[in-house]
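Let's take a walk through this fold together. Keep the viewer open and follow along as we go from one spot to the next.

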Amino acid sequence: IDHERDIFYLRMDEMVCLAKGELNDPKGIIGERKAVMESESERTHLPRAIASNGYAYYGGSVASNNTKEGSNVLCGEPVSPGTYEGRIRIIHDPSKAKLSQGEVLCCHGTDPSWTPLFLSAGALVME
């Protein structure tokens, strides 16, 4: 192999064969996998779920083509199934928040300090 980091493009059984000198065309295998990695790094739309058989599911909520600008519709990438409607509450600091039961929690992002708010939130919207 050309570079020490190329080893990460091989599976364990291939590494064993490489060490024994029994791997046919390691540079070709690594080159193909680098090309796939390069192609995947340019992906702009990630799958919603990937099944154990490798099938990528891209379904989800998408605004229809006839949605007009300013129609109070926000579109994004769903991370769980279902829909929800409710009053939205924009919160910047979880320690100073008052979220009523069922409100939609809207924030820049979360970490473990936001967990108590999840008990009251009906849904979550993040940047």
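Helices here are DSSP runs of H or I with at least four residues, strands are E runs of at least two, and both are numbered from the N terminus. One thing to keep in mind throughout: this is a predicted model.

Start with the whole chain. The secondary structure adds up to three helices and five strands, and reading along the sequence gives you the pattern α-α-β-β-β-β-α-β. Of the 127 residues, 17% count as buried. Among contacts between residues at least 6 apart in sequence, 15% join residues at least 24 apart. The chain exposes about 10500 Å², and carbon and sulfur atoms supply 54% of that.

Now go to the N-terminal part, where Glu14 sits in helix H1. Is Glu14 buried or exposed? Its relative accessible area is 8%, and since buried means under 20%, Glu14 counts as buried. Setting aside neighbours within four places in sequence, Glu14 is in contact with Tyr9, Leu23, Ile29 and Arg33. Further along, the loop between helix H1 (12–20) and helix H2 (26–41) holds Asp25. Asp25 is exposed, with a relative accessible area of 53%. Take a look at its backbone too: phi of Asp25 is near 55°, a positive value in a residue other than glycine. For context, most residues other than glycine have a negative phi.

Next comes the sheet. It is an open sheet of three strands in the order S3-S4-S5, with parallel pairing. Strand S3 (88–90) and strand S5 (123–126) stand at the edges with a single partner strand each, so one side of each has no neighbour in the sheet. From one strand to the next, the twist averages 25°. S3 and S4 pair in the parallel sense over three bridges, and you can find Ile88 there with Val104 in S4 as its bridge partner. On the other side, four bridges join S4 to S5, which run parallel. In that pairing, Leu105 stands opposite Leu124 in S5.

Stay on S4 and check where its side chains go. Val104 and Cys106 point one way from the strand, Leu105 and Cys107 point the other way, and all of them are buried. Cys107 itself has a relative accessible area of 6%.

With those cysteines in view, how many disulfides does the structure hold? The count is zero. Cys107 is in no disulfide, and the nearest cysteine sulfur, that of Cys106, is 6.8 Å away. A disulfide needs the two sulfur atoms within 2.5 Å, so this pair does not qualify. Elsewhere in the chain, Cys17 is partly exposed, with a relative accessible area of 27%.

Glu103, in the loop between S3 and S4, is worth a stop. Its relative accessibility is 6%, so Glu103 counts as buried. What does the side chain of Glu103 make a polar contact with? One partner is the side chain of Arg89, at 2.8 Å. A polar atom of the Glu103 side chain also lies 2.8 Å from the backbone nitrogen of Ser100. Not counting residues up to four places away in sequence, Glu103 touches Arg87, Arg89, Lys98, Ser120, Ala121, Gly122 and Ala123.

Finish at Trp114, in the loop between strand S4 (104–107) and helix H3 (115–118). At 3% relative accessibility, Trp114 counts as buried. Which residues is Trp114 in contact with, leaving aside its neighbours within four places in sequence? They are Ile91, His92, Asp93, Pro94, Leu105, Cys107, His108 and Gly109. Two of those names, Leu105 and Cys107, are ones you met on S4, where they point the same way from the strand. Asp93 gives you a handy distance to check: Trp114 and Asp93 are 21 residues apart in sequence, and their C-alpha atoms are 8.7 Å apart in space.

Conventions
Residues numbered from 1 in each chain as written. Predicted model: local features only at pLDDT ≥ 70, side-chain atom pairs only at ≥ 80, totals over all residues. Heavy atoms only, no water. Buried < 20%, exposed > 50% of the residue type's maximum accessible area, 1.4 Å probe, protein only. Contact = heavy atoms within 4.5 Å. Pairing = 2+ DSSP bridges. Axes fitted to C-alpha atoms, helices over the stretch in contact; angles between N-to-C directions. Polar contact = N/O pair within 3.5 Å; in protein donor to acceptor, adjacent residues only side chain to side chain. Areas by Shrake-Rupley, 256 points an atom, 1.4 Å probe, with all protein chains shown as cover.
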